[in-house]
Every structure is written in C-alpha cells, then in structure tokens.
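Here are some exercises to work through with the sequence and the 3D view open. Try each task yourself before you read its solution.

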Amino acid sequence: MAKYAMAVDLDRCQGCRACMEACKIENNTVQSVFWMYVFRLESGEYPDTKMSFLPRPCQHCDNAPCVKVCPVGARYKRQDGLVLTDFERCIGCRYCELACPYGVNYFNWTKPERRQYLDFDDPGIAAVTGGVLPPYQNPDLAVKHGEEQRLTAGGGHFKGVMEKCTFCVHRVEKGLQPACVATCPVGALVFGDVEDESGEVARMLRDRAHFRLLEEAGTRPSVMYFGGAPPTGDSKEIETVKARV
Amino acid sequence: MSTATQEARLPRGVGRLTRGWTIFILAMVAISALGWIAYIREFTQGMTVTGMRNVGTMGGATWGLYITFVVYFVGVSFAGITIAAVIRLFKLDHLRPLARMAEVLTVVSLILGAIAIVADLGQPLRGMINLFRYARPQSPFFGTFTLVISGYLFASLVYLWLTSRRDAAVLAQRPSRLRWIHKIVAAGYTDTPAERERHSKTTFWLAISILPMLVVAHSTLGFVFGLQVGRPGWYSALQAPAFVVLAGVSGTGVLIVLAAIVRKMMVRDVGLNLQVFAWLGRFLMLLLFVYVYFMVTELLTSTYAGSERELQVTREMLWGEYSWIFWSAVIMLVIPLLGLTIQAIRRSWSIPWLVVSGIAVNLGAIGKRYLIAVPSQTHGQLLPYVDGSYTPTWVEFAVVASLLAFGALVIGVFMKVLPIVELEETGHA
Amino acid sequence: MACEQEEARGRRNGALGVVPPPIGRWALKLTRRRFIQGSAAAGAAIAGSGFLFGGLDSIVRSPAAKSQLPFVEDFIPTMCWVGKQDCGMMARRIDGRVVKFEGLAGNPRNAGTLCPKGQAQIGAIYDPNRVKTPLIRTNPKGTTGRWREVSWNEALALTAEKVNEVRARSPKMVLWQKGRSKAEKFYDDAFVNAIGSSKLGHGAYCSDAGYRALEYTIGLHGVQHPDMRSTNYLLAWGWNITNAGGNKFCWITWPQQLVAARERGMKVVHIDPRLRSAGPFADTWLPIKPGTDLALALALCQQLIEMGYLDRPYLTTYTNAPHLVGDDGLILRLPGEGDEMVEAVWDPASAGPVRAGSIESPALEGTFEHAGGSCRTAFEVFKAHVVGYTPEWAADITGIAAGDIRTIARDFGDHAMIGSTMVVDGIEIPYRPVSIMSYHMAQQELGFQALRAMTIVTMLVGAVGAVGGVMSDFTWKIHKNYEPFGDLRVDDPPYDFTLKNSKFFPINTGFPGMVAKVMADPGRYGVEEIPEVAILHMVNPMASFPDRKQIMEGYDKFKFVAVISPWLSETADYYADVVLPSATIEKYEGPINASDGYIDATALRIPPMEPLFESRGEIDIYLDLTEAIGTLFGEGGYLDEINKGLTLEGEFALPLYVKPTVREIFDRWARSQGLEGVSYFEEHGVQVKGPIAADKRYGYAVDPPFGGALHRLYGESLLVAQRTMRDKGAEEIYWQDYTALPTWRQLTFDRSPPEYDLTLISYKQIEHKQSRTSFVPLLAELSPGSRVDINPSTAAARAIGHGDPVWVESQNAITGETRRIESVAAITSSIRPDTVGMPHHFGLWTHPVNRGQGASPNEIFYTGEGYMGQTADQSFHVKVRVYPARGEG
Amino acid sequence: MRKRLTIGMIVVGIALMAISYFVLSAPWGVESVANSNPRMQFAPLVFVVGVMMTFGSALVYEMLPDRFDRD
C-alpha cells in the first residue's frame, strides 16, 4: 500500500498560483473556494524586507483533527494517506473546519450552480457542451473512488456539505500527479509515495532538511516543506485573492 | 354548575385562558412563524443566507449565532433539572414550588437546543438519519447528541411525567375540557400511601442518576470546543467546568425570572415566597463567584502564557472588534454578583433586583457563549490569513428569536394544562 | 505508480512537470475503464439521489451527469494563446468538449507545465461574452458602441469596400496595427504585403528602445539576457522575475532556467524600485530610483575601469574602442583601397594612425598628436567621459549607497573571471559567467542610452557572447538596422506619419502613441498624409496604451476601423465600424518558435475544437478578407505572399488561384519541412529539432565572430545625427540625447512641482497579460483589481490605510496638465517610499467581469515630448501625488 | 417481579450502551485510519435506546401495577 505525501520546495516556488488555478479547473470548484492556496508573505521593514511564498494544500494529516471530530465519519483517512470527504454522508456540521488548524475546508454555502464563474446558460456554448455545467466539467468527479467506492472526488457536488483538497484522488488512482503538481512551472510541488525509496519525495527527505506546518499541533501532516522557513507572527499576507463573499 | 365555574375551580389557573395569556401566545406564535419563514429560506437557498462563512481565506466564522444558542439552551437546561433533583434529594420542601417549573424549563430548553443544532446543519435531513446511522464516539459531538439531547432529554421527560402524575390525578377528579389529558398523565395514579412511597423512591433514584449524567453531558459540550488544538481560545482544560458553571448561572437566572412571573400570575400564594427567591439568589451568587473566578484564571493564562495567536484572540476580545461584547458581558455578570453579594450580606432580598440580575446574567451568558464561538474563528487562524469578521443576518436572528418564542410558547401552554407549581399535599385519599 | 517514478526520474534530469502518457494508448485504456466505473457511478447516483440525501442539489447539473456516462476521452496538443510565449498545451477532451488544458510535455518552452493564465484559458474559450457574430456599428463613433449582428459576408464586403476605396488612392494610408502577432508570416508579412498597407506594432511600448540600442551597439535584435545555464552572477535589472518574462522567452522558460541556476548557486542582484518583482529570488536588493538606471550603469563603468576589470583583447579586437576620435568628436578616417575612407587606429609600433584591422594590437588607450591635431582612442574618450560618474555621484541620483555600487562593481568584475575560457562542443570559448537581464529597462526617458551603457558594462568585461555572459537574440545574424545606424538619415519634411528618418526621431521605433499625436496635428510634425483606414489585429490601444486621451485624439481621425478580436475590445467599443470575431485557441496558427534558447523547436497551434460561435481563426479571416478585397489570388496576392513567407516552393507551393483551407496550408508547410504533414503537429504539437550548437549560441564562436559586427562603444553617428538635427532646427528635447557616449541629464518628469512628490511606475502581474486577461473570471478572482502599492511610511504620512480608496494624480512637467484616477491603497514594505506602483491590467469596461476592477495607470501616463525617449519610445514614469479619496465630494 | 423487571431494564440498557459504544460503533484506536464506519450501522441508535431503557425503567418501576407481584 502506497503512502502518499507532498513535498513543497519553497526555494523554487514563485508564488504564481498556477496550482490554485489548475486545482479549480480539475476539481470544478466554485467561486472563492481554494483547495490549494498560495500565501504571498512579506515581513521585515523597508529596505530589509523579506518576501516568501507558501503553498497550502490540505495537509492530509496522519493524525487528522478533522477526521477525529467528524460526527458521522464522512471525513475519513484512507490507508494510502489521503484524507477525504464522503459527499454523500457529510451532514454539514462544519466541525471539521473548526478542528483544522490550517483552514483548508470549504463549505458549499449554496447550490454549486449559483457560484459558477460565468452564466454559462448560453445556447452557443450549450451547442458545444450539451448544457454541462461548468462547460469544462470533469466527468471523473462523478465516479466513486477507493476500496469503499465513496463519492470523494472533486467539488461542487451538494449544497450544504464540506469540501477540501483531495490530492486529486481521481488522478492519483489513474497514476497521474495531482493537478497542482502537474502544472507547477518550476517543479516546486512534488507528489508521491514516501515509502517508495526510489521515489522523488523519499529522495528529498533523505537529502534535505524539511519542516511541516504547525507541527506543534501534533497533526503529523503529509505535506513537507523544503527550504524557506515556516511563517512567523511577523509574516503579513499581501495580494489576497477575491475570496470574501 | 356551568363548566366555566367548574374550571374556575381548577387550581393554579389551569385551563383558565385569560386575555393577556391569549395575546402572549399569539405573539409567540407570530414570532415562531417568522423564524420558520427565515429557516425555509435557509433550507432552500442554503446557508449562504446566513452571515456564516468559511474561516481562512474566506475570512468568516463557520459557527455563529446558532451554535452560540445551542450552547446557551443546553446550559439553561442544566439549572432546572439540577435544582429539581436537589430539592428531591435533600427534601428542601420549602423550595418545592420551584420543582415543576424547573423541570419544564429543562425539557423545553433541551428541545430548543436540539432544534438549534438541526438549524445549523447544512444537510439537516441527512443529519437526522446519519447521526443515528454513523455517529462516532470518537467525536466530541457524539456525547452532545446522544447523552445531552436524547438521553438527558428523555430522562428529564420521565422525571417530569412521574412528578406530575399526582397533580394530574388530582385535576382528573374534576370535570374539565382537559380532563382526558390529566387522565393520561395521571396514568392510573391513585394517591395511595404505597404509591407515594414508591413515587418518592423512584424520583429519589432518578435524581441520583441524573445528576452525574448532567455533569458528563455538559462537559461533553465543553469538550466540543475544549479539545480543539487548532483553535486558539478554545483549547483549554477549563472549558468543560466553565461550561457547567456558566450553564448553572444562566439556568438559575431564567428560573428566577420564570418564578417571578408565575408568582405574579398566581392569584393565591403558591409558596413562591421571598425565602424561595433568597435561596435562588444565594445559589446564583455562588455560581457567579465560581464562574468569575474561572474567567479570571482563563484570561490570566491566555494573556500571560498565551501563544502569539492566543494573545491575538484575547486582544481582539479585550480591546478589539469584540471588546464591546466582552465588557458588557463582564458587566452583566459582575454587577449582579455584587448586587447579590450585598443582598446576601444584608440578608434582605428584593425580587425585582433578582429578576434584573436573572436577565442580566443571561445576556452575559449569551455574550460569553458568542465570544467562545466566534473570535477564535475570525482572529484565531494559526496560518497568516488576514483576519476575518462575522455579522449574523436577519435569518439567524429570526431563527433564534423564534426558538425563544417557541420555548415561551410551550411553557405558556404547559401552565394551562398542568399546574406549573405543584399542588400542596392535601393528604386526602 | 509507474507513471510517477518515470516523472521522478524526469525531474532529476531537469525536466519539470508531469509527463502525460502517449495519447493513443491513453484514450483507449481510459474510455474502457471509465465505462465500467461510469455505469457503477450512474447506479450510485440514482440510489444516492432523492430529497433526503440532498439529491435535489446534486451533481452540479444533472443532465451533465447523465450525458457523461459513458464518454469518449481524447487529448489534442495545441498552444496557449494569451501570452507571447505560446506555451505548448495538451487539451483534454470529453465527447469532443475541452475540459482542461495541461502543459505539453514535449515543448521546450514550458516542459509540460502551465502558468495560471494558461490554466484559465479554459474559462476564456467558454466565455459567453465573446463576440459571437460579426458586428456593424449603428451609432456614432467615439462613444460606447451599439451594434447590428451581421453575416460574415456583409462584414467582409463592407471592410473590403472601405479598404479598396483608400487603396485606390494610396495603399499606405491603410494601417494594419497589431498588438501581438502569432504568425508574422501570415499577418505582418503576407497580409500587409498583399494589400500594400502600412503596419504598426506595439514595440515602442515594449522594449524597442533597448532593441535599437543593441542593434546600434552590437548589431543584434534583442536586449540583454543571461546564458542562464552558465551565468554565476546576474544583475536582474528591473527584471520582474516572479511575475513576468524577459527578452525572447517569457515566464515559465525563464523561471525554470532561473531555479536551476539558483540551485547551481547563481547570485542575483535585484535592481528595481520594487522587491515584489524578484521576491525571494534576490540575494541583494538595490531599490533604485525610477528612471536613474543610466546613472548607475555609468558609475559601474567608471568603477570597472578604475578597478581594471577590462577585457582588453575583446575591446581591442571586436569593438571600436581603439578607434581614434578627433577633438571634433568625429572618428579619424584614412583613405583605404579605392576612394572609401576607413576608420583609423593608433599603431604603437609605427607611432602613427593606421587603418583599423590592418594590425594585430592597436593602442587601446592614449592621446596622440596627429596632423597638427590631437586625437584619442575611443576608449580614452570613454574613460574621460565616465571619470566623473563616481559611485558618490550616482548615489545622489539613484538613491543607492556608494558602497553598494562599489561592491556590485567589484563582485561583477570578480565573477567575470576575465581571461578564462571554457570548452563547449569542442570549441574553446571565453568564459564570462556574469550577465545582465535588462528586459523592459528601455521603458524610460533615457531608455536607449541606458541600454547602451548597460551593454558597455558587459562589454568592458568581455561578457558579450561569452559562455555564461550576455545573450540577446536567438541568432548572431546581424540585424538590418546595424549598417544604416552607422550613418543615420535625417531628412527634411514632409515626413511619413511614423516620422521615420525625421529630424525628430532619426532612430525610430514606430510608436503608435506618437502616430496618434501626429494624426491629431500632422502639420506640427511636417506630415501631409495620415492613415484613413485601420485594421486592428489583437490590439486594444485604448486600454493597453498609455495616455488614452492622446490615443483617442488620434483614432478620431480614422474614417474606418475594422477590429479583429475574440472579445469586444475597448477600442472596438469606441471606434470600430466593423468587428470581426476571431477564435482564441480553437484555430490553426503558426509556425511558432518553441526554442528555450538551448533546444531548437517549432510548434503549431492546433484547434482543440471547432471555433466557438461564429468566430474564425485570423488566417481564415485574412483569406476571406483578401478574397473580398481582391488580393487573394495571383502574383503578389495573399497566397503568393504566403508562399514567399513560408518559403513554399515547387510541389509545396500553394496554387495561386485556389482558395486553400488553413489546415492545407500548414500541411504543405509541414511537408516542406520534411515531415509527413500537419498530422505530425496534430499528434505531437511540437517539432523538437535538437540542441543549439555552441557555434550558433556564442558570439565568440560563430563565424565570423559576432556575425562580423564591430561593437560600437563610441557612437559617432549619434553625434553626427545630433548636429544635423540641430542644423535642421529640431528643438533640444529631440536631439539632447543623441550623444556619442551615454550621458546623464536631469529627467524631464523630475521637473514636476514638488507637491507631486512620488514617482508612479506600472507593473505586470503573473495572473494577467496586458489587457487580455482581467476579464477572465478565473484570473480576475486571483487578482481582483487595480491597486496602488505604497510604502508604509509614505502611507502613514498621508493618513492612508491598507485598502483605503485613494486618488493618484499625475502632472505633466512639460504641459502642466494633470490627470487623476481612483484606486485602492495596498501597503507594502517592498517598494521605495518615494515610489508607488500600479498593475496595468485593469481599467477595462466592455466585459461584465471588468466592472469595479478600478483604473489603469495608463490613464495618467503621458505620451509625447519629455515622456518618450530619443527613439520615440514611451516612458512609463511620471510624478504623482497620492491622497485619500474619502471625504472628497 | 416489578423490581426484577426494572433492574433487568437498567442492566440491559447499560449493556446496550456499553456494547454500542465499545463494540458496535466505529472502532477505537489512536490512528484515525479506518474508524470512519460503525461496525454495525445504526449502532448509535442502539446507544440511545440503551439510554432510554435505563431511564425508562423508572416508569416500569413506578407504573407497573402491584398485582403483578401478587400473582
């Protein structure tokens, strides 16, 4: 059984947020939802200003607080390390979101079709897409995954249920990289099986020092950060996205 | 004799529909209706109609007014059953007039708590099924929903019923439109010594078994928050005990108010004398003392030893966005405490004062519940998200208001069906 | 996870990103598996649906869910459309509908990856707000347009009629204007030649002053960029590393090479008023005052000379440094064979002047007596010229500490390893691992001379064309401007409307802003004829060019404007008589260079699906348009010009009297390239031709070295031009910067009154490209709108808080005009306190997504004298004051 | 008899609670892996029933007519 993990090379990350975009399109998430988010941080005072970038996918913790608190087991941890949400079981209590110290959970506050980017009800487009919404909808997301065959892939399924990064379970099960990793222009994101000694992640763990976010919280994240440094209290976020709706 | 005059003879104003009462009931129905309209909106359009949003990038609070009131309602329930039990256990006969209303209060507020939880679910219908189908003991939520809502509510209902049987039986002896109800409630109770004996035994044991469960139940609610490492301002061992105590405070407060109202409504003296209120006053004072003590220690630890983020949340609470809520809550709790202390020392109790204190501490309690829930979300992010904010929408206010109204409604109706104050032991068989 | 390990290995070999498996196998395998899973899911979907389980709000739209199962999946290689980089993309299709674009692994430019803009194109192609049918205007121009949807035939007929009307009189008065051209052969060359029109690019808003400077100085068409695989010390001079690209290549190619270089240990010195551009990739940040780069470059020259970091062999052999300059500033010439005169150098042996090139080692330095006059080597003159430009002098102007300047100069000199060589592909080549990235440094008042000076910095250490040194173009082919620049033409009026060879701009970039100015007032510039008809190709002057007011005054003069664009551009909104809807990615286009500077490759844009709505690819449009105009067929017709442009000869040549499909054209071209046909690109998307050899990459190694160009340290022809300009009565503001050697002077915009105490600069964001993306909702979400980056201290002094609305008011130091726009304060410590920065992507209005995005700095920049360089290039600097917008009526 | 029944109910009730809590519901264990599903669906319902039985016993105790004992 593989044990998936992500390595983030902060010495490479250019904070371009392509990963965020790839994630949104791959997973058809709706407006102002960012399963993958990249902080652009600034600290220090002019002219000794320091800048840094910090990608924040779901940390897929081995000791996941969200999984612990889920009252109905909709949020669960798979043997292969993925932390997923069963969209057909979630009751929408949003307890997982509060338990998570990383703020990676996104709730479907309303019917997904109400939060599309454009009004796609256009005959011209429908002619091409057959009225699919969004027009670029990814069919893999309608498919159930894992041994338990639970509906866990992609976003924008139901009103009133919780969503978050799935490490692109539907791609991983196909043997592909998560969308964010695949698109990263500078290879700052690496995904793979930590237990595979020949794998890139294992190699990085051998060769380089790394830290994990909020380790003191004891969540044991599956996302390792190489280079750079964890954000300090002094870190100020700049260039926030349009997410406050 | 006309039935009217016959009913007139039903004690404690049971069955007597005064004008004031009718108006009150209609008002409550109206408010509840408003709440339903609001909720239907929420149910169909989704919780986007509330002020709640995701924490983090969306910069909101994902638990808001609803959870605040879930906690508050469950808190209120605490005092009721406790006091009732205490009265039974320690045979505090001069407090007996409180017992019934205390029990009713518990049942009602628990029901409200349950409804509030459902109102907060994104998938309420699924929730009702899935909780029974999949609920996990590993989730602090489990206790809240099994013990608190089902177990505790059920126990209180049993308790209420058993302790109401005798009065029901007494009323059932007289002709009235409500007789059938009284017959059912009485459930064949014939006031024989043997039955009394058995009854007191049962209630005694019930009380004994309910009390510990109470503490457990309220603690679990505390754990819902207290066990979260990821939330500055939540993660604290004090969370659970503090919950229990504040619960007592709010509950006792409501009880005082309720008692005062009943006292006004009753034509004859029903034994709700100053002595009773004095006892409630002392009880409330005691709880307030303990709570304020907890509050201070809590603040001290979080400001003195608190982490960067802990500090920020506390800062926000003391001087920031939430300071007005915090300080008014503090005032609402401390002023009554002083007032009560003074009265206790001077051994002279004023009912109006007690009522004011009762209301004040409840507002204070609500404020504190809100402060536990919200700031840790909007300002307690551990990653460098820009701080958020949360303002409830009319939908949330409407739903909460309708819950309160519904509670009042139920109590109001109860009063007209069964005596809200136990009938005295007449001794006749 | 075999696929993953493959990748892991791929990564270690430097190839970044995911490697999608070959298409054929892929589609098959997937479709079959999905079929099974699909039906399973369908069952589940039905079971899981129903009120109780939220079925009502189920999978975003149910018909979708149904129509999906089972489905056919395939992959079409194509190219991104939005940027200048044209990254390779792989379009994933479901039942013929594109659902995602991913990087095309084979393309050297982006190695299987995509930037946010590329990813978001999926949102652009399905944009219901695209222009769906050809439009004809029904209301007067100069204001928001009202439109009539018409057939292609009607629109083409009308355009052809108007074009022909003018062509009959003078074809040059038809103006074809482009913002970006993604198939020069078809557009800039074939179409323009076929109808004989004038053409105008966007260059002068870009780096063209720099292009001119390098064409003048080293004969190459491009600006400086590093040999990223070998450079060890890089002056990232205004390089917006984390947000923008650079010369020739763009973002993705550069970042990939940069991170590799960083991991190799390359040092980066970031010279820029903003730190945000380089972000964490700067080892040193020198926050320079906007527009003072020339001063810094001159100080670096002075220091390098003082410290003796000089590559004398290079200077002596490949530059005009040893050439003798007389007291009159002109180069001493001796009669050569025949009657031509040859520039002279000093022969120490014979202690006299001899013809350049006639001896091995002429004197590089020294003052000599000759023929009663004294003369000095050009290098001697340069030394004397820069001796006063000390670090202390520069510190006052640039705001960079003298100490820092010294350090940078020393490090630059040290890292240059002057004298060292390296063997590449078996050729021993000088090794100078120091370089400068100077892209877009030209966008300032002294752009041309600043770039000259920066080139000279690298010339002094001999880094031009060395391993690890300075690159500029894909080739070392001498640009056609190099020769003429040696003897600049300055004619008398009347002038062509671009002012080519005029006394105003002897070196002329072709500046749309200036053209607009000329059109508004031709007399003033001695111009008699101005264009009457404009065909706008992928350009939106009103939104993306500075000085909208100026631009509008120009466009008011056009009698007829046809706009070719997928969206209703702002320019179309105000001035188009006809709008011809073009396709975005869904078309054949190219051929496009896909080289990353080390590997040679060519790519083609392949339509991943039929053009949406009634849009058509540009090549289709030009085929139709030329047909309507009557210049499609025959000698000199569009088809003939295409044959010339693509060098389609013999069996591959297009028949001149048959209208071909675009695919057929590319099929012939592909076959002429020795491929089986366009199907090759339809399968692979890109043709990788293999690595570029050292004797093509490095100036020293090519034959003849540097393509035979003598590098002009001393710019005699500039001085000569200046004298002629003065003789012809041009004002100082035009000739002042025509100096043989780069010379510092006070900046015009600095003469604004003191209350305009901040300098405004504009910048690019990674989420956006020019004015082409801010209406793509996916990108508008990442970067929502206009803002003013302002230093905390500056903000505090003006009682401005983060997110406050502010006015930014600019002042034109020449005309005294003031303009202001409203924006939002973004407080950041990564910008100079005396500078404010704004992104230039916003300020659009025709697309609903643009509403509320705020203004663009372009509205408060100025075009014209004082705000453009000596080569007619836009300066993007202006003095502004910033004050809170609240409290104002 | 009544007493026995009552005690019986209490015992069974508590037993049900215990069983559902520790055996039927989602397995315990530090690792969060694989404790997402209850061993038996509706186990929580059993727990609730247990609670109700326990307290319901009071009703039995008090309400069951004495004649039960007499027989």
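## Exercise 1: a helix in chain C

Helix H8 of chain C covers residues 253-264, which makes 12 residues, and spans 17 Å from its first C-alpha to its last, close to the 16 Å expected at 1.5 Å a residue. Please keep in mind throughout that this is a predicted model.

**Task.** Find which residues of H8(C) are buried, and what covers them.

**Solution.**
- Step 1: Apply the cut-off, under 20% relative accessible area for a buried residue. In H8(C), the buried residues are Thr253(C), Trp254(C), Pro255(C), Gln256(C), Gln257(C), Leu258(C), Val259(C) and Ala261(C).
- Step 2: Look at the surroundings. The cover over these buried residues includes three strands of chain C: E8 (225-226), E10 (267-271) and E20 (434-437).
- Step 3: Move on to what follows the helix. After H8(C) comes Gly265(C), with a positive phi near 110°.

## Exercise 2: two interfaces of chain A

**Task.** Describe how chain A meets chain D, then how chain C meets chain A.

**Solution.**
- Step 1: Begin with chains A and D. Here 14 residues of chain A are in contact with 7 residues of chain D. The two chains bury about 710 Å² between them, with 39% of it on carbon and sulfur atoms. Lys77(A), Gln79(A) and Arg89(A) supply 40% of the area that chain A buries against chain D, more than any other three residues.
- Step 2: Check the pairs across this interface. The rule finds 0 salt bridges but 5 residue pairs in polar contact. The side of chain A that touches chain D has 4 nonpolar, 3 polar and 7 charged residues.
- Step 3: Turn to chains C and A. Contact joins 90 residues of chain C to 90 residues of chain A, and the buried area is about 7,400 Å², 58% of it from carbon and sulfur atoms.
- Step 4: Check the pairs here too. There are 9 salt bridges and 23 residue pairs in polar contact. Several elements give two or more residues to chain C's side, among them H8 and helix H27 (777-782). H2(C) gives the largest share, 8 residues. By class, that side has 48 nonpolar, 21 polar and 21 charged residues.

## Exercise 3: salt bridges

**Task.** The whole structure holds 90 salt bridges over all chains. Work out where the partners of a few of them sit.

**Solution.**
- Step 1: Take a pair between chains. Arg171(A) and Glu102(C) meet at 2.6 Å, N to O. Arg171(A) is in helix H5 (residues 169-172) of chain A, and Glu102(C) is in strand E3 of chain C. Both partners are buried.
- Step 2: Take a pair within chain C. Arg333(C) and Glu716(C) form a salt bridge at 2.8 Å. Arg333(C) belongs to strand E13 and Glu716(C) to helix H25, so this pair ties together parts that are 383 residues apart in sequence. Arg333(C) is partly exposed at 32% relative accessible area, whereas Glu716(C) is buried at 8%.
- Step 3: Take a pair within one helix. Lys644(C) and Asp640(C) have their closest N and O atoms 3.8 Å apart. They are separated by about one helical turn, because they lie 4 residues apart in helix H21 (residues 638-645) of chain C. Lys644(C) is partly exposed, at 48%, while Asp640(C) counts as buried, at 10%.
- Step 4: Finish with a network. Shared partners link Arg40(A), Glu239(A), Arg274(C), Arg276(C), Glu767(C), Arg787(C) and Asp789(C) through salt bridges. One of these bridges joins Arg787(C) to Glu239(A), with the closest N and O atoms 3.0 Å apart.

Notes:
Residues are numbered from 1 along each chain as its sequence is written. Chains are lettered from A and ligands numbered from 1 in the order in which they are written. This is a predicted model: local features need pLDDT of at least 70, side-chain atom pairs count only at pLDDT 80 or more; totals for chains, interfaces and linings use all residues. Side-chain values use heavy atoms; hydrogens and water are left out. The expected span of a helix is 1.5 Å times one less than its number of residues. Buried means under 20% relative accessible area, exposed over 50%, partly exposed in between (1.4 Å probe, protein chains only). Contact means heavy atoms within 4.5 Å. Buried area is the accessible area (1.4 Å probe) that two parts lose on being put together, summed over both. A salt bridge is a side-chain nitrogen of Lys or Arg within 4 Å of a carboxyl oxygen of Asp or Glu. A polar contact is a pair of N or O atoms within 3.5 Å; within protein, one must be able to donate a hydrogen and the other to accept it, and residues adjacent in sequence count only if both atoms are side-chain atoms. Ala, Val, Leu, Ile, Met, Phe, Trp, Tyr, Cys and Pro count as nonpolar, Asp, Glu, Lys and Arg as charged, and the others, Gly among them, as polar.
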